[in-house]
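User: Could you take me through the labels used for this model and show how each one is earned? I'd like to see the value next to its cut-off.

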Amino acid sequence: KSGFQSYKYRMIPLYDDNPTKRTPVVTIAFMAINAAVFLLMAQTGKMFNKVVYMYGAIPAEITNSVDIFPYIEVPVQATMISSMFMHAGFLHLAGNMLYLWIFGNNVEDIMGPVRFILFYVISGLGAVAFYIVQNTDSTTPLVGASGAVSGILAAYLLSFPRARVYTFFWFIFFIRIIPLPAWVVIGVWFLLQISNLGTGGTTAWGAHVGGFLTGLVLLPFFRKKGLYGPWSKWRGT
C-alpha cells in the first residue's frame with residue numbers, strides 16, 4: 001500500500017508543482033516496465049501466485065541460497081531485482097506508479113538518466129536487504145516497486161523540501177485537495193512506515209524504511225555536480 005491512511009483519514013499525493021527541465025524518459029520507462037510485467041503476470045491466470053513465488057524475493061531462499069519449490073532457472077539472489085518489477089494487484093501497482101510519477105521525474109532531473117537508473121535499482125536492493133535482515137526465515141515473497149520508490153522519496157525530500165504537493169486529504173467528514181510542502185507529505189509518510197515496523201500484515205513496512213534510508217545515503221553521490229540539497233552545508237559540500 002502507498003500513502004498515509006486508516007479507517008478515519010487518508011493522505012494521497014496527486015501531483016506537484018515542481019517542473020522538470022527535460023522529459024523523464026527513465027521514469028516513464030520504469031512505469032512502462034512495471035505495467036508490462038503486471039499485464040504479463042495477469043495473463044497467467046491461476047498460475048499468478050506461482051509466478052509470485054518463483055520470482056518474488058523470499059528471505060529464507062536468499063539467506064540460505066536454497067531454491068524452494070516452485071523452482072526458477074536463475075540464482076535465487078536474482079529475485080532481489082525481479083521482485084521490484086512485480087506487483088500483487090492493480091491497486092498495488094497503481095499506488096507505486098503514482099508515487100513514482102509524482103516524485104521520480106524531478107529526481108531523474110537532478111541525477112540524469114544513467115545515475116537515476118542506478119539509484120533506483122540500488123535503492124530497491126537496499127529495501128529488499130533491509131527487509132530480509134528483519135525477516136530472515138520468512139517464506140513469504142516480497143514484491144513491488146515501493147522499495148525503490150521509497151529511495152526516490154528520500155531524494156525528493158532532501159532536494160525539494162518546500163515543493164508544493166497537491167494532496168487528497170480525508171479526515172472523517174473533511175475532504176479536500178490541498179497543497180502541502182513536500183517535507184510534510186513525505187515526512188508523514190515516513191512516520192507511518194516507522195510506526196508500523198514489526199506489525200506484520202500484507203505491507204512490507206521494513207522494505208519502505210530500507211529503501212528510504214538507502215536513498216538518503218545515496219543522494220550525495222548520485223545528484224549532478226553543483227546540485228545540492230537544502231542541508232548540503234551540513235555535509236561540508
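Analyst: Happy to, and a set of contacts is a good place to start. Not counting residues up to four places away in sequence, Ile177 touches Leu14, Tyr166, Thr167 and Phe168. This is a predicted model, where local features need pLDDT of at least 70 and side-chain atom pairs count only at pLDDT 80 or more, while totals for chains, interfaces and linings use all residues. Numbering starts from 1 along each chain as its sequence is written, and side-chain values use heavy atoms, with hydrogens and water left out.

User: What makes a touch by Ile177 count as a contact, and where is Ile177 placed?

Analyst: Contact means heavy atoms within 4.5 Å, so Leu14 and the other partners of Ile177 are on its list by that test. Ile177 itself is in strand β4, residues 174-181; strands (DSSP runs of E, at least two residues) and helices (H or I, at least four) are numbered from the N terminus. Thr199, 22 residues from Ile177 in sequence, is 30 Å away in space, C-alpha to C-alpha.

User: Why is Met41 called buried?

Analyst: Its relative accessible area is 5%, and buried means under 20%, exposed over 50% and partly exposed in between, with a 1.4 Å probe and protein chains only. The value for Met41 is under the limit, so Met41 is buried. Met41 lies in helix α1, and beyond its neighbours within four places in sequence it contacts Phe48, Val51, Val52, Met86 and His87.

User: How do you know whether Val76 is buried or exposed?

Analyst: The relative accessible area of Val76 is 6%, so Val76 is buried too. Val76 sits in the loop between α3 (59-64) and α4 (79-82). Apart from neighbours within four places in sequence, Val76 is in contact with Glu61, Ile62, Ser65, Val66 and Asp67.

User: What in that loop catches your eye in terms of backbone angles?

Analyst: Two things. Ser65, one of the contacts of Val76, is in the loop between α3 and α4, and its phi is near 50 degrees, a positive value in a residue other than glycine. Pro70 is in the loop between α3 and α4 as well, and the peptide bond from Phe69 to Pro70 is cis, with omega near 5 degrees. For background, most residues other than glycine have a negative phi, and most peptide bonds are trans.

User: Why are α1 and α2 called oblique?

Analyst: Helix α1 (residues 25-42) and helix α2 (residues 48-55) pack at about 130 degrees, with their axes 9 Å apart. The axes are lines fitted to C-alpha atoms over the stretch in contact, and angles run from 0 to 180 degrees between N-to-C directions. Under 35 degrees counts as roughly parallel, over 145 as roughly antiparallel, 65 to 115 as roughly perpendicular, and the rest as oblique. The α1 and α2 angle falls in the rest, so the pair is oblique. Phe38, Met41 and Ala42 in α1 meet Phe48, Val51 and Val52 in α2.

User: And what makes α1 and α6 oblique?

Analyst: Helix α6 (residues 113-134) packs with α1 at about 40 degrees, their axes 10 Å apart. That angle is in none of the named ranges, so α1 and α6 are oblique. Here Val26, Thr27, Phe30 and Asn34 in α1 meet Pro113, Phe116, Ile117 and Tyr120 in α6.

User: How do you know that Arg164 and Asp17 form a salt bridge?

Analyst: The test is a side-chain nitrogen of Lys or Arg within 4 Å of a carboxyl oxygen of Asp or Glu. Arg164 and Asp17 pass at 2.7 Å, N to O. The pair links distant parts of the chain, with Arg164 in strand β3 and Asp17 in the loop between β2 (9-16) and α1, 147 residues apart.

User: How many salt bridges does the whole structure have?

Analyst: Two. Asp109 also pairs with Arg22, the closest N and O atoms being 3.2 Å apart. That pair joins helix α5 (residues 90-111), home of Asp109, to the loop between β2 and α1, where Arg22 lies, 87 residues apart. At 11% relative accessibility Asp109 counts as buried, whereas Arg22, at 42%, counts as partly exposed.

User: Last one: what makes Phe171, Ile172, Phe173 and Phe174 a patch?

Analyst: Patch residues have over 30% relative accessible area and no salt bridge; like charges are joined within 9 Å, nonpolar side chains (Val, Leu, Ile, Met, Phe, Trp, Tyr) within 5 Å. Phe171, in strand β3 (residues 164-171), has 41%, so it is partly exposed and over the patch limit. Together the four form a nonpolar surface patch with about 460 Å² of accessible area, by the Shrake-Rupley method.

Technical notes: Areas by Shrake-Rupley, 256 points an atom, 1.4 Å probe, with all protein chains shown as cover.
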